[in-house]
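Subject: Structure handover

Hello,

Here is the structure you were waiting for. Please open it alongside this note, and read on for what turned up.

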Amino acid sequence: MMTEDNGDRPDVPNAVVVITDSNSDVDVANTVYAAQNLRNAGATVFSIGVGLGFKDELEAIAGSGRRTYVMNSFDELEGANDEIVEQITALQGRAAIEEMETRKLDVAVVFHMSKNVDPKNVNKVFKPFLEKLFEASEIDSGQIRVSLSYFTKNHKLLGNLLKFRRKADYTEAVNKLTPAVRSDKANGGAAMQKLRAKVFTEQLGDRPDASNVVLLITDENINIRPKKFVEEAHALKDTGVKVVTLGLEKADREELLAVSSEPPSENALMVTGYQDLQKEAVVELIRTAMFMPLPSEPDVEVVAPGPTIINLDTRAIDLAILIHMSPQMKPADLKKFLKPFLNALLQYADIDGGKVQVSLSYYRKQLTLISNLKKFKTRADYANAVNSLSMKVSGKQGDGAAALKRLRERVFDESRGDRPEVHNVVLIVTDDKNSGDQKKFFQEAEKTKSSGIRVVTFGVGNADRNELYQVASGPGDVNSMYVPRYSDMQDEETIDTLRSKVFALEDIPAQPPRPATTRRPATELSSTASDSRQVDLNVIFHVSSDTKVNDIDDQLKPFLKDLFQYADIDGGNVRVAVSYYRKNPTHMFPLQRHKTRASLVKAFDEVGRQMRGKVGDTGLALEEARTTVFDAAKGDRPDVPNAVLLLTNAKENVDQQKFLGEAGALKRAGFKLVTVGLEKADRAELQAVASEPANRNSFYFRTFDQLRTPEALNAIRSSIYA
């Protein structure tokens with residue numbers, strides 16, 4: 001129906017409303033996949049069920065619970081009519097902002113919530129609303145950055161433009177909000193002033209080539225110095241920042257009109273109450289206002305995002321952290337300030353992915369090495385070492401010269417993990433003046449810097465600022481930092497600034513490039529599905545202990561064989577490794593094993609009941625794939641895209657955090673991750689870890705029978721090769 005010959009207009013959004021009073025009884029999988037293909041073609045699907053006991057199939061057709069409705073009778077259809085019409089109307093706004101959302105944007109969301117707000121509205125309405133605002137935004141790629149804060153009588157910054165590197169980080173911060181954010185005092189002027197001074201600054205992540213937007217949300221008038229609120233808003237707009245306001249309940253409309261950017265009719269929005277935030281049309285109006293350029297703002301050319309400060313923590317470096325603290329530091333200071341500071345500093349460092357290696361040491365008269373660069377394989381390993389630090393890191397004497405000399409000899413050595421093609425950085429953290437020969441300290445620092453190691457210094461309290469300035473790599477003001485109190489180490493701005501110094505490598509001369517092992521990202525594959533395209537694929541599966549043997553023999557084995565029915569294995573374009581996992585992963589065969597499709601298909605006969613397991617450590621399985629399976633010695637080709645197909649029918653997962661972390665590390669390394677869930681698998685979890693777009697790279701089937709339909713096989717094949 002939706003073809004130009006039948007009247008479809010290519011420049012107008014498409015919507016489909018499905019109304020049924022019975023479940024599909026012919027081919028459920030085909031119905032779901034037909035709906036998915038319709039959505040993939042750009043149509044928005046709404047599904048309405050009348051007199052049905054459950055809505056799983058309806059939700060699968062619509063692709064979203066928000067576009068799924070279940071009625072007891074046809075009489076109730078009228079109640080859903082307004083909401084569906086609102087959502088269809090909102091498609092016009094969504095079509096307009098789809099392209100705008102690819103603009104490079106730095107957005108600061110700031111809100112005030114009065115104590116009159118029902119605490120339930122915080123969790124049930126406001127938090128989901130904040131998530132929906134950016135659900136389609138390119139945060140993970142770095143195209144869009146988001147800051148989050150709220151204001152009472154003071155401004156409370158929850159995250160600057162550098163903090164939320166992934167959409168999941170932003171969502172996590174939103175989910176941590178509690179009714180404690182409510183207050184009857186609203187100092188909007190202080191909030192606007194802080195945004196200008198603490199958020200929209202280059203040092204804290206603001207980009208000169210990105211448009212700046214503030215979204216201010218409030219449910220009452222500004223009752224502390226309202227005149228300053230208007231003045232500070234104008235000062236913010238004078239710097240080129242667009243201000244969009246959303247007022248609810250008792251918010252002062254005239255006040256919001258006065259602070260919003262021109263035209264205020266489009267940038268100052270009012271709704272009756274918090275329940276209105278659940279409406280799709282409201283969300284789309286706000287997103288349109290945020291992403292629409294200012295009238296005087298030129299169209300921004302959309303380019304592929306390059307390396308920016310948001311990706312600093314993913315740069316490959318070998319980092320040695322060197323600590324000396326004086327007896328002035330008490331045990332409470334160690335626990336409350338130093339340990340959290342060291343953990344927060346590398347919160348986003350790609351240790352798990354292997355890009356960042358860390359050594360940890362402290363010094364008094366001599367250097368004590370806690371770990372060399374090889375030891376920490378994960379960020380959790382590093383955190384455990386930090387949390388195990390004792391008061392031994394403090395002492396009356398601290399010989400920096402001896403420490404630097406030993407560090408060069410014992411840490412930055414290839415046999416101990418140093419990588420010659422990776423930048424080396426030393427971070428000295430101290431609250432004391434060097435007790436040894438200062439001249440010798442400077443000499444050893446110069447030798448360290450001359451050997452290509454960058455030195456960054458961080459001083460607290462009684463540290464000698466001039467001394468640390470001299471020791472640091474030049475320019476000293478860039479690579480040296482000082483704070484007066486231990487408590488300042490908790491400050492988010494302090495941590496972000498130091499983090500940017502550690503990972504900012506502009507002043508380092510170019511080092512020899514890595515040997516030619518750079519992967520072509522999975523996204524460079526043609527969008528045309530073709531089983532003859534080059535790919536190195538690791539199939540990983542987990543079968544729960546209660547899976548029927550017949551399902552393994554009659555469904556899973558044939559599925560694995562059918563999946564590669566057209567794969568060009570004989571021609572060498574496609575290589576396949578297969579693993580299964582329970583508590584630990586087991587590799588059935590590596591990438592280089594099977595040179596023909598006949599040989600591969602025969603190998604799948606080994607799949608059997610012995611592979612079932614009660615628990616499955618998916619995170620460990622993905623880590624093994626990244627670090628062990630995709631190895632040149634085992635058949636991995638550096639110039640061929642890599643993909644992982646994860647298949648499971650179990651909900652249980654040993655360590656969910658590790659699973660999410662390893663999935664992220666896999667994708668950041670350029671791998672494509674396709675997920676297939678069956679039966680009791682956690683659909684939301686598998687969708688969350690799949691490569692974008694998730695609706696094309698994550699699949700769910702209620703039974704093994706559905707897995708083997710031609711539609712299912714073709715969709716999964718297309719995902720792997722697309």
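Start with strand 8. Seven of its nine residues are buried, so strand 8 is largely enclosed by the rest of the structure. Bear in mind that this is a predicted model.

**The sheet**

Strand 8 belongs to an open sheet of six strands. The order is 6-5-4-7-8-9, and the pairing is mixed. Strand 6 (155-159) and strand 9 (268-271) are the edges, each pairing on one side only. From one strand to the next, the twist averages 20°.

Now walk across the sheet from the strand 6 edge. Strand 6 runs antiparallel to strand 5 (residues 144-151), and four bridges join them. Here serine 149 stands opposite leucine 157 of strand 6.

Strand 4 pairs with strand 7 in the parallel sense, over eight bridges. Histidine 112 has threonine 218 of strand 7 as its bridge partner.

How buried is strand 7? Strand 7 is mostly covered, with 10 of its 10 residues buried. Its pairing with strand 8 is parallel and takes in seven bridges. Two positions are handy for finding your way. Valine 213 has lysine 242 in strand 8 as its bridge partner. Threonine 218 stands opposite glycine 247 in strand 8. Threonine 218 is also the partner of histidine 112 noted above.

At the other edge, strand 8 and strand 9 run parallel and are joined by four bridges. Look for threonine 245, whose bridge partner in strand 9 is alanine 268.

**Helices on the sheet**

Which strands does helix 4 lie across? Helix 4 (residues 119-133) lies across strand 4 (105-112), strand 7 (211-220) and strand 8 (242-250). Helix 4 runs at about 165° to strand 7.

Helix 7 (residues 226-238) comes between strand 7 and strand 8 in a β-α-β unit. That unit is right-handed.

**Two unusual backbone angles**

Most residues other than glycine have a negative phi. Two residues here go the other way.

Arginine 225 has a positive phi of about 50°, although it is not a glycine. Arginine 225 sits in the loop between strand 7 and helix 7. Its relative accessible area is 55%, so arginine 225 counts as exposed, the cut-off being over 50%.

Glutamate 249 also has a positive phi of about 50° and is not a glycine. Glutamate 249 is found in strand 8. Is glutamate 249 buried or exposed? Glutamate 249 is partly exposed, with a relative accessible area of 39%. That value lies between the cut-offs of 20% for buried and 50% for exposed.

**A helix pair**

Two packed helices are described by the angle between their axes and the distance between the axes. Take helix 11 (residues 331-345) and helix 12 (residues 379-387). Their axes come within 9 Å and cross at roughly 165°. Angles over 145 degrees count as roughly antiparallel, so helix 11 is roughly antiparallel to helix 12. The crossing is right-handed.

Which residues make the contact?

- From helix 11: Lys339, Leu342 and Asn343.
- From helix 12: Tyr382, Ala383, Val386 and Asn387.

**Where to look again**

Go back to strand 8 with glutamate 249 in view. Strand 8 is largely enclosed, with seven of its nine residues buried, yet glutamate 249 in that strand is partly exposed.

Best wishes

Note on methods: Residues are numbered from 1 along each chain as its sequence is written. This is a predicted model: local features need pLDDT of at least 70, side-chain atom pairs count only at pLDDT 80 or more; totals for chains, interfaces and linings use all residues. Side-chain values use heavy atoms; hydrogens and water are left out. Two strands pair if DSSP finds at least two bridges between them. Helices (H or I, at least four residues) and strands (E, at least two) are DSSP runs, numbered from the N terminus. Axes are lines fitted to C-alpha atoms, for helices over the stretch in contact, and angles run from 0 to 180 degrees between N-to-C directions. Contact means heavy atoms within 4.5 Å. Buried means under 20% relative accessible area, exposed over 50%, partly exposed in between (1.4 Å probe, protein chains only). A crossover is right-handed if, with the strands pointing away from the viewer, the path from the first strand over the helix to the second runs clockwise. Angles under 35 degrees count as roughly parallel, over 145 as roughly antiparallel, 65 to 115 as roughly perpendicular and the rest as oblique. A crossing is left-handed if the near helix is turned anticlockwise from the far one by less than a right angle, and right-handed if clockwise.
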